[in-house]
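Got your viewer open and a selection tool ready? Load the model below and click along.

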Amino acid sequence: GFEYSAGEISTGLHSLAAPVLDPNGRMIAALVCVGTHTQIAAPPQDDLIRAVKHFAGEIESKLRQRQK
């Protein structure tokens, strides 16, 4: 999944976030991309959503490797 915010905290700033899950599926962190309204459009582009979710998954994989 992902979450998108458009100017909720500060006018003109948008953010896109994806959860980082532990091996049990619990959220332990979030990978967040923050930019201006011109950098992260409303709605966010599919390629940006895929990238944020992909790199959140990469972090999950690295954390699993460290636990072994």
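Here is a short walk from the N-terminal strands to the helix and back through a loop. Keep in mind that this is a predicted model.

**Stop 1: the hairpin.** Select residues 3–6 and 13–21, which are strand 1 and strand 2. They pair in the antiparallel sense, over four bridges. For a spot check, pick Ser 5 and look across: Ser 15 in strand 2 stands opposite. Now show what links the two strands: six residues lie between them in this hairpin. Click Gly 7 in the turn and read off its phi, which is positive at about 65°.

**Stop 2: a nonpolar patch.** Switch on the surface and colour Leu 13, Val 32 and Val 34. Together these three make a nonpolar surface patch with about 260 Å² of accessible area. Zoom in on Val 34, which belongs to strand 3, residues 27–36. Is Val 34 buried or exposed? Its relative accessible area is 55%, and the cut-off for exposed is over 50%, so Val 34 counts as exposed.

**Stop 3: the salt bridge.** Go to Arg 26 and Asp 22 and show their side chains. The closest N and O atoms of this pair are 3.0 Å apart, forming a salt bridge. The count for the model is one salt bridge. The two partners sit in contrasting surroundings: Arg 26 is exposed at 51% relative accessibility, whereas Asp 22 is buried at 12%.

**Stop 4: helix 1.** Select residues 46–67 and put a distance label on the end C-alpha atoms. What span should you expect for 22 residues at 1.5 Å a residue? The expected value is 32 Å, and the end C-alpha atoms are 32 Å apart, so the two agree. Next, colour the buried residues of the helix: Ile 49, Val 52, Ala 56 and Glu 60. They cover an arc of only 80° around the axis, so they lie on the same side of helix 1. Spin the view to the face turned away from that buried side, and you'll find the exposed residues Asp 46, Arg 50, Gln 65 and Arg 66.

**Stop 5: the loop.** Finish at Ala 42, in the loop between strand 3 and helix 1. Ala 42 is exposed, with a relative accessible area of 55%. Now add Pro 23 to the selection and draw a C-alpha to C-alpha line: Ala 42 and Pro 23 are 32 Å apart in space and 19 residues apart in sequence.

How values were computed:
Residues are numbered from 1 along each chain as its sequence is written. This is a predicted model: local features need pLDDT of at least 70, side-chain atom pairs count only at pLDDT 80 or more; totals for chains, interfaces and linings use all residues. Side-chain values use heavy atoms; hydrogens and water are left out. Patches are made of residues with over 30% relative accessible area and no salt bridge: like charges are joined within 9 Å, nonpolar side chains (Val, Leu, Ile, Met, Phe, Trp, Tyr) within 5 Å. Accessible areas come from the Shrake-Rupley method with a 1.4 Å probe; for residues, only the protein chains shown count as cover. A salt bridge is a side-chain nitrogen of Lys or Arg within 4 Å of a carboxyl oxygen of Asp or Glu. Buried means under 20% relative accessible area, exposed over 50%, partly exposed in between (1.4 Å probe, protein chains only). Two strands pair if DSSP finds at least two bridges between them. The expected span of a helix is 1.5 Å times one less than its number of residues. The arc is that of the directions from the helix axis to the C-beta atoms.
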